[in-house]
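Subject: Structure handover

Hi,

Here is the structure I promised to pass on. Please open it and keep it beside you as you read my notes below.

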Amino acid sequence: MPYPTDPIILVGIWTTTILTMFFYSYVLYKESGLFRITEYTFVASSVGLLLVTMVKVVIQSCIRPIMAGAYGYILLFVLGVLMYLRFSPKYIWISRWPFAIVVGVGLGLEIRRALTSDVIANVRGTIFSMVGKDLLTTFNNLIITVGVVCTLVYFTFTKEHIGPLKIPARLGRWFLLIMFGTYFGSMAIGRYSLLLDRINDILRVIGLLPY
Amino acid sequence: MAEKEKEAQDIWTRILNIDVRVFYWACLIILALPLIFPFTLPIVVTEPTRAAFNTIQSLPEGSLVLYYMECGVGGWPELMGSMVASLKHIYAKRLKFVIVNIGYSVDHKLTFDRIFSLAGHPSARGYKYGEDWAYFGFASGMETAMASLAKNFRSVYREDDFGTSIDQLPIMRNVNEAKDFKLVLCFNTAGGQSWVRAHWTVANKVPSIIAVIGAGLAQSQSDFKAGMNSGFWFSTRGAAEYEGLLKAPGISSARMSALDTMQLVTILCVIAANFAFQMSKRRKK
């Protein structure tokens, strides 16, 4: 792709580059006015975009169906508007109804999801699929199963971790530490990817890399 | 006082007291150098990436895929590679696809402009809008919407992102529930992975492939082991592996040498810091 010559695109890419540098001034130097300007600009533009998108969603998914004769949507629209009564100390109690519906639906879905996929499917995958296609897979599955059991023992607080529970509880702690290490490692890779993307863009804009 | 000065001179304590900003500057330089002076390191394809490739490869031509994106511009650095590579694979296999954005992807248009500029616009690949692909845009509702989509597509989207009624799109004829799709591709930075897993894969047995950011690796790995996804792309690394399988090096492959170098330096720093910590503790004793 050739280096852009369109003035609008040029202003865009240079603004992005400069704002990125302002952002990084926080970690590379110290908090400054430049960082704060960038931070506020980011928050403001994000909120603006979110607002516009949400208004569009309400028009598409609620107003248009009502205009087309689906009058059942009026109830949903009214429930949505009632949420804003949270800002009125006198009528705040009315806003609890739509929130109750949202929380109820969310809770129902969450319980179902947690049971079917987080618990049952994971237990099935962990315990009942121990024998793999080769010896290494079976060994890995065995480690996972032992890890799950030992970690559960570690979180058993109704019984002191002595006697037969001592070694599994200690092993459980080690499994947890290894997991935290993995989390840290994968998180670091993710963050480096973010940084790399910005560096890549900056280098392209200042001409050190082909655009 | 003399002891304090001696401690201050201790090399291990000095290592531990290095200003963190030195590390940040080092990160910048170490990541930038391999980009300016590129070199290639071998990329080993992991099992989840290969499984993802095989799943898409096994689909017959014309199969319908749900391309579900739940990430904003902030997810580009980690997910753009897999979004582009998977779309290239879709084009190569002549699969039909439907794009939905549920969750946090309010800036979906920016993202798809970018994806299409890197992978090619569907129309340039011989895809006809409405027949071979459709773009439904953003819908609010998060998990509720994703669950509803699996049961009744039309309860979430009555029209596409351009205002065309869903019933006027030939691709959506006789398509209204999860079972009408052969595969779900989920590009997520937050909760989308668990929504697809529960409401599409576990409940409706629709295979899914997930692209995850760094924080989602452990969850995706356990889901993969438990058969709750048919493979996943882990951040830039997963995308680079996929580009290798497709024999189409892209943005991720070009960045892997920088990432690998940075990871190596991080490991060395972690070892050095731990060693310094243990040594300084021993000295204090």
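In this predicted model, strand β1 (residues 64-70) of chain B runs parallel to β2(B), and five bridges join the two. One pair to look at is Tyr68(B) with Val100(B), its bridge partner in β2(B). Between these strands the chain passes through helix α5 (residues 76-93) of chain B. That β-α-β crossover is right-handed.

Now the next strand along. β2(B) also pairs with strand β3 (residues 133-139) of chain B, again in the parallel sense and over five bridges. Here Ile99(B) has Tyr135(B) as its bridge partner in β3(B). The chain gets from β2(B) to β3(B) through helix α6 (residues 108-119) of chain B. This β-α-β crossover is right-handed too.

Is β2(B) mostly covered or not? It is mostly covered: six of its seven residues are buried.

One residue there deserves a closer look: Phe97(B), which sits in strand β2 (residues 96-102) of chain B. Phe97(B) counts as buried because it has 23 C-beta neighbours inside 10 Å, and the cut-off for buried is 20 or more. Which residues does Phe97(B) contact, leaving aside neighbours within four places in sequence? They are Val65(B), Tyr67(B), Ile90(B) and Trp133(B). Val65(B) and Tyr67(B) fall within the β1 range, residues 64-70. Ile90(B) falls within the α5 range, residues 76-93. Trp133(B) falls within the β3 range, residues 133-139.

A last distance for Phe97(B): Leu246(B) is 149 residues away in sequence and 19 Å away in space, C-alpha to C-alpha.

Best wishes

Methods. Residues are numbered from 1 along each chain as its sequence is written. Chains are lettered from A and ligands numbered from 1 in the order in which they are written. This is a predicted model: local features need pLDDT of at least 70, side-chain atom pairs count only at pLDDT 80 or more; totals for chains, interfaces and linings use all residues. Helices (H or I, at least four residues) and strands (E, at least two) are DSSP runs, numbered from the N terminus. A residue is buried if 20 or more other C-beta atoms lie within 10 Å of its own, exposed if 12 or fewer, and partly exposed in between; C-beta atoms are placed from the backbone. Two residues are in contact if their C-beta atoms, placed from the backbone, lie within 7 Å. Two strands pair if DSSP finds at least two bridges between them. A crossover is right-handed if, with the strands pointing away from the viewer, the path from the first strand over the helix to the second runs clockwise.
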